[in-house]
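Reader: I would like to learn how to read a few features of a structure with you. Could we look at the model together?

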Amino acid sequence: MQKVILITGASRGIGAATAKLAGERGYTVAVNYQSNRAAAEQVVKHIEQAGGRALAIATDIAVESEVVKMFETIDRELGALHALVNNAGILEKQSRLEDMDAARWQRVLATNVTGAFVCAREAVQRMSLKHSGRGGAIVNVSSAAARLGGAFEYIDYAASKGAIDAMTLGLAKEVATEGIRVNAVRPGVIYTDIHARGGEPNRIERVKDSVPMKRGGQALEVAQAILWLLSEEASYVTGTIMDVSGGR
Ligand code: NAP
């Protein structure tokens, strides 16, 4: 039986690379996105052309009722969930903390933290042996910003990723005897659209000399780490936060 995986924010960037790789490795893929339907359909097409199965699902993960509906759609259309990648995440225009308002923090935390939490809750309710599930694995996409702090750019975003790290450690312990492993990856600077959203499309060129490997990473390099953490090769790995950051 094929394993079903949900990847949030899978229309572009790291999520899209992870969805394509998961499809190539035999997963049936739920491709969540917020608004870019064309990009999500492209990911689905890529998976189908490689002989796999995928379904694009438009859901704003910051809205709890929408997330609940998304999981019900997966139950109905694809079958029992085996893996979740909590990847969808946002940042806003680069700014010092003293110039931010509370509404901005609430937007960032609603997607990056609360959205990931609701997805994790729905996944655990389905996968836990305690709830008659068949076990599974969760990978949360954090950021090196959780360690570095996001100074002069986005402390709000860094704080949201610190919360993801803490949730990873706690949830891994809660479900360790219930057949579910929970891990995280902390990407460094990766070539995706997110930097343009922060107002600096060429940010990686500016910061890459601070990376010991002197380059940005590709989305596929993060996807490969995520797929390994989800796989049976990582069967004794839980509560781990893996840096995928070129040494930074
Ligand atoms: P990206 O290229 O900007 O893509 C973001 C993805 O998330 C898109 O698929 C977008 O959907 C989706 N999304 C955004 N808000 C959403 C919401 N409320 N509900 C559902 N989907 C939503 O981002 P990325 O760089 O690949 O980042 C992916 C993850 O890696 C994020 O958690 C980010 O914080 C983390 N990360 C990235 C880097 C980096 O350098 N790129 C470094 C460290 C960590 P639409 O296409 O529909 O808009």
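Reader: Which backbone does an oxygen atom of the ligand approach at 2.7 Å?

Author: A polar contact is a pair of N or O atoms within 3.5 Å; within protein, one must be able to donate a hydrogen and the other to accept it, and residues adjacent in sequence count only if both atoms are side-chain atoms. Here an oxygen atom of the ligand is 2.7 Å from a polar backbone atom of Asn 87. Another entry is Thr 192, where an N or O atom of the side chain is 2.5 Å from an oxygen atom of the ligand. A polar backbone atom of Thr 59 is 3.4 Å from a nitrogen atom of the ligand.

Author: A word on the source: this is a predicted model, in which local features need pLDDT of at least 70, side-chain atom pairs count only at pLDDT 80 or more, and totals for chains, interfaces and linings use all residues. Residues are numbered from 1 along each chain as its sequence is written, and side-chain values use heavy atoms, with hydrogens and water left out.

Reader: How many residues surround the ligand?

Author: Counting residues with a heavy atom within 4 Å of the ligand, there are 32, and the closest are Ser 11, Ser 35, Asn 87, Tyr 157 and Thr 192.

Reader: Tyr 157 is on that list; which residue forms an aromatic pair with it?

Author: A pair of aromatic rings is described by the distance of the centres and the angle of the planes. Rings of Phe, Tyr and Trp (its six-membered ring) pair if their centres lie within 6.5 Å; planes under 30 degrees apart count as stacked, over 60 as edge-to-face and the rest as tilted. The structure holds 1 aromatic pair. Tyr 154 and Tyr 157 form it edge-to-face, with 5.1 Å centre to centre and 70° between the planes.

Reader: Is Tyr 154 buried or exposed?

Author: Buried means under 20% relative accessible area, exposed over 50%, partly exposed in between (1.4 Å probe, protein chains only). Tyr 154 is buried at 6%, and Tyr 157 is buried at 10%.

Reader: What about the nonpolar core, and which residues touch the most other members?

Author: In soluble globular proteins, nonpolar side chains tend to be buried together. A nonpolar core is a set of buried Ala, Val, Leu, Ile, Met, Phe, Trp, Tyr and Cys residues joined through side-chain atoms within 4.5 Å. In the largest one, of 36 residues, Ile 5, Val 29, Val 31, Val 185, Ile 226 and Leu 230 touch the most other members. Helix α9 gives the most to this core, with 8 residues. A second, separate core of 28 residues includes Val 67, Ile 74, Cys 119 and Val 175.

Definitions and conventions: Helix = DSSP H or I, 4+ residues; strand = E, 2+ residues; numbered from the N terminus.
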